[in-house]
Each structure stands twice: as C-alpha cells, then as structure tokens.
Amino acid sequence: MILITGGTGFIGSHTAVVLQQAGYDVLVIDNLHNSEREVISAIGQITGREPAFIEGDIRDVSLLAGLFKTHHIQAVMHFAGLKAVGESTQIPLTYYDNNIQGSITLLQAMRNAGVRTFVFSSSATVYGDPQRLPLTEDHPRSATNPYGYTKLVIEDILESLYRSEPGWKIARLRYFNPVGAHPSGLIGESPQGIPNNLMPFIAQVATGQRKQLNIFGNDYDTPDGTGVRDYIHVMDLAEGHKTALEYCNAQAQTLLTTNLGTGQGYSVLEMIQAYEQACGKPIAYQVAERRPGDIAACWADTTYAKQTLGWKADLGLKEMCQDGWRWASRDNTGQQKRGQDSFNTD
Ligand code: NAD
Ligand code: WQD
C-alpha cells in the first residue's frame, strides 16, 4: 500500500488515480485544509474503487504511528503542505511548522516503522532567479520567501537522512508549473479565495467569477514582455510520480533529484490565447505592475528525467487548457458555493 499525504489536494489526487489504475492500493491522509473529502469519491468514480482515507494531520505523531502499525505501507508520497508564496511571507511560522515540522514527523514515523521509500514534492522554486536556462538539476539553489525556503530545508533534511543510514530510497521531484485536470473533469484544482496562480485565475475569468486578469508586467526580457513558465499537465506529473516510485523500488538505495517539466516555456499572453481557444471565449485582461518576487522566465532541462526515469511529458498546451476548462466549467454546486464566498471582481 502507498501512503499519499495531501492526497485530496490537486497533485496528490491525480497521482492517486494513476497509482490505483496501475494496480497499487492507496491510503490517503489529508487534513482537508485546502481540499475536500468529495475528492475521494471522485477518485473512486474514475478508478472504480475509492482509496482508503484518513482525515488527519501529518504532524499528529500518534495518528501516524497507528497508521503505520495498522497498514502495510511500502512507500510514502508526500504532497501535504502549504504552498502560497505570498501567504508564506505573512505567516512564516505556520509554513515552517506545517511543511518542515510536518515532514520531520512523517519521516520519524516512517523510520520507526522501517518504511524507507519516500517521494517528495519539491519545486522549481528552489532554483531562485535562474542564472541560466534551461534549468538543470545542478543549478545553484536559493530561496526568496518562506515557502521556497521550506522546500530547500526539506530537500536538505532528505539528503542527511539518506546519508545517515543505508536503505533509504528517496526521490526529490522538482515540479515546474502544474496545470490542467483529469480528462474526466471529475477532479482538478480548487483554489480557495482569489487564485494566486495564472491558470486558475484565467479559468475564473472564463467562468465569469472574475472580471479580468491582471497581467503582472509586460516589460520583462522575454519575447512578448510577459513572464514565461514551463507549464506541465498534472496527468503527466502524476505519471512522473509513478515512474519515480518504480525507479526507487528497483534500487537498493537512492537519492534521486530530478526536474519534472516539459522543457517548453510559454508566456502569459500565449497562455491566455490557448485558453481562449479551449473555452471559446475571450479572456479580458489588463497589464498591471510586476508582482514582487516574480522572475522573468523559467523552464526545465528535461534530460536527466528522461535518462534516469525514461519519463517525459506527453501532453501539450491544448490538453492542459481543454482539461482545465472541462473541470473549471463543470456543474458542481459545492465549488460554486465556495467561489461565491470569495467572489471578487478584482
Ligand atoms: P494542494 O493544496 O492542492 O494539496 C496539498 C494538500 O495537503 C491539501 O489537500 C491540504 O489539505 C493538505 N495538507 C496541507 N497540510 C497538511 C497537513 N499538515 N496534514 C495533512 N494534510 C495537509 O497543493 P498541490 O498543488 O497539490 O501541491 C502538492 C505539493 O506539491 C505541495 O507540497 C506543494 O508545495 C508542491 N508543489 C506544488 C506546485 C503547484 O504549483 N501546485 C508546484 C511545485 C510544488
Ligand atoms: C505564472 C506567470 C506571473 C497570476 C508559483 C510559485 C512556485 C510554484 C508554482 C509551488 C507569472 C503571471 C500570474 C496572475 C499573471 N509553486 N501571472 N497574473 O509564479 O511561476 O510559480 O506557482 O512550488 O513556487 O511561485 O506561477 O501561476 O503564479 O504565475 O500575470 O494573476 O503568470 O507573473 O509570469 P509562478 P503563477
């Protein structure tokens, strides 16, 4: 059985689908801070069986001890965490406690139970402001905000753990910009309040929940002046996790650190255009100030993932937008209710 922390969240839920469809048994633990219980039944609808689910917090030592005792867990995929860059600058202690302390508690429970296979959600944020593109895994790391710092620290904790005793099989997966949704339209990304990220914001302009998109700067040193990112379909990302797990399983011990991206950068204007194609409506926008802390451009070198895992992203911008739109435009009263709570036409 594979334990997925944060498994009702965006990336964890899609990975749960891929693992179940590959024949793995999945146990999800999530405190539902940024997701909903209904995701478990949606995963059941897609795959034909619901994963086991425990509502709880990864910082709960006795809950974790009991969970490793009562289930035969072979590996842990660790998605649970807080991820909003802006929020992390306002409540850094909460981020350090949830992300860093949460990871330590989880790793201690694994160690006590003799479970040593761990797949971690790291991020391209660890590269800071790129000194060169595309980003290779040996690019210097840095952090400019508490969220990014938690990823640096956890990466380092995993390295010390790997070096401390034999047998650990650890994958540190550095995601670029995950977007899209499962093609069924049954699971996807559900940001609370005003979306921080580009694609969910565009989606809410398309559904009429928001009046227009603010483009954060059009004077960057990029072909059209807007920020360029490596957007990756969440289903490709989920497949990448399955491949990383299988890679770990095949080694006696390993510390794998790899990018998961497409290697292709798209600008904000290109994203708007592609989304307009997918939803058949114009996306209203205005150019606003740069967002503090933003970088001009960022995309992955995908060579190492191909070499080690034999994995590469297959889905393009069209699928990212079409699948994202299918999810965003679904008839889901729960989601609409949540959207209304935070209705804002900024
Ligand atoms: P998400 O918020 O949708 O999912 C995270 C899940 O973890 C949520 O369901 C939340 O309720 C749960 N959670 C948070 N703290 C918890 C705790 N202490 N105990 C139990 N559950 C807890 O986020 P996501 O986009 O699916 O991201 C998953 C992971 O990937 C995160 O670690 C994030 O930092 C990392 N990541 C995300 C992105 C991105 O752009 N989405 C990019 C790079 C890395
Ligand atoms: C993409 C582009 C914005 C919103 C963040 C985190 C990173 C990682 C992924 C977790 C940029 C522009 C955005 C808007 C805009 N998360 N934009 N108007 O900033 O690349 O990465 O999420 O690890 O750590 O920093 O993603 O989607 O916020 O922005 O113009 O309303 O869209 O300026 O160029 P980002 P994003």
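The largest cavity has a volume of about 30 Å³. The model is predicted. Searching the whole structure turns up one cavity of 30 Å³ or more. Rolling a probe the size of a water molecule over the atoms shows where empty space is left.

Which residues line the largest cavity? The lining consists of His78, Ala80, Asn99, Ser103, Phe120, Thr150, Lys151 and Ile154. Two helices each supply at least two of these residues: H5, spanning 92-113, and H6, spanning 146-164. H6 provides the largest share, three residues. By class, the lining holds three nonpolar, four polar and one charged residues.

Next come the ligands, starting with ligand 1. Around ligand 1 there are 28 residues. Those that come nearest are Asp30, Asn34, Ser35, Lys83 and Tyr147. Tyr147 also makes a polar contact through its side chain: an N or O atom there is 2.6 Å from an oxygen atom of ligand 1. The backbone takes part too. Phe79 places a backbone N or O atom 3.0 Å from an oxygen atom of ligand 1. Ile58 has a backbone N or O atom 3.1 Å from a nitrogen atom of the ligand. On its own, ligand 1 exposes 820 Å², and the protein buries 95% of that.

Which elements give two or more residues to the shell around ligand 1? They are helix H1 (10-21), strand S5 (117-123) and H6. S5 gives the most, with three residues. H6 thus appears again, having also supplied three residues to the cavity lining. Sorted by class, the shell around ligand 1 has 10 nonpolar, 13 polar and five charged residues.

Now turn to ligand 2. Its surroundings comprise 18 residues. Ser123, Tyr147, Asn214, Arg229 and Asp294 come nearest. Tyr147 is thus listed here, and it is also among the residues that come nearest to ligand 1.

Several polar contacts reach oxygen atoms of ligand 2. In the side chain of Arg291, an N or O atom is 2.8 Å from an oxygen atom of the ligand. The side chain of Asn177 has an N or O atom 3.0 Å from an oxygen atom of ligand 2. Asn196 uses its backbone instead, with an N or O atom 3.4 Å from an oxygen atom of ligand 2. The accessible area of ligand 2 on its own is 680 Å², of which the protein covers 87%.

Where does the shell around ligand 2 come from? It draws at least three residues from each of two domains. Domain 1 covers 2-179 + 231-260, and domain 2 covers 198-229 + 263-299 + 315-336. Among the secondary-structure elements, strand S8 (residues 213-216) gives the most, with four residues. By class, this shell has eight nonpolar, seven polar and three charged residues.

Finally, look at the backbone. Most residues other than glycine have a negative phi, and most peptide bonds are trans. Two places in this model depart from those patterns. One is the peptide bond that joins Leu133 and Pro134, which is cis, with omega at about -5 degrees. Pro134 sits in the loop between S5 and H6. Both of those elements also give residues to the shell around ligand 1.

The other place is Leu32. Its phi is near 60 degrees, a positive value in a residue other than glycine. Where does Leu32 lie? It is in the loop between strand S2 (26-30) and helix H2 (38-47).

Terms used. Residues are numbered from 1 along each chain as its sequence is written. Chains are lettered from A and ligands numbered from 1 in the order in which they are written. This is a predicted model: local features need pLDDT of at least 70, side-chain atom pairs count only at pLDDT 80 or more; totals for chains, interfaces and linings use all residues. Side-chain values use heavy atoms; hydrogens and water are left out. On a 1 Å grid over the protein atoms alone, a cavity is a set of points where a 1.4 Å probe fits but cannot get out, and a pocket is an open set with protein on both sides within 12 Å along at least five of seven lines; lining residues have an atom within 4 Å of a point. Grid points are joined across faces, edges and corners, and a volume is the space filled by probe spheres set on the points. Ala, Val, Leu, Ile, Met, Phe, Trp, Tyr, Cys and Pro count as nonpolar, Asp, Glu, Lys and Arg as charged, and the others, Gly among them, as polar. A residue is near a molecule or strand if one of its heavy atoms lies within 4 Å of it. A polar contact is a pair of N or O atoms within 3.5 Å; within protein, one must be able to donate a hydrogen and the other to accept it, and residues adjacent in sequence count only if both atoms are side-chain atoms. Accessible areas come from the Shrake-Rupley method with a 1.4 Å probe; for residues, only the protein chains shown count as cover. Domain bounds come from an automatic or database domain assignment.
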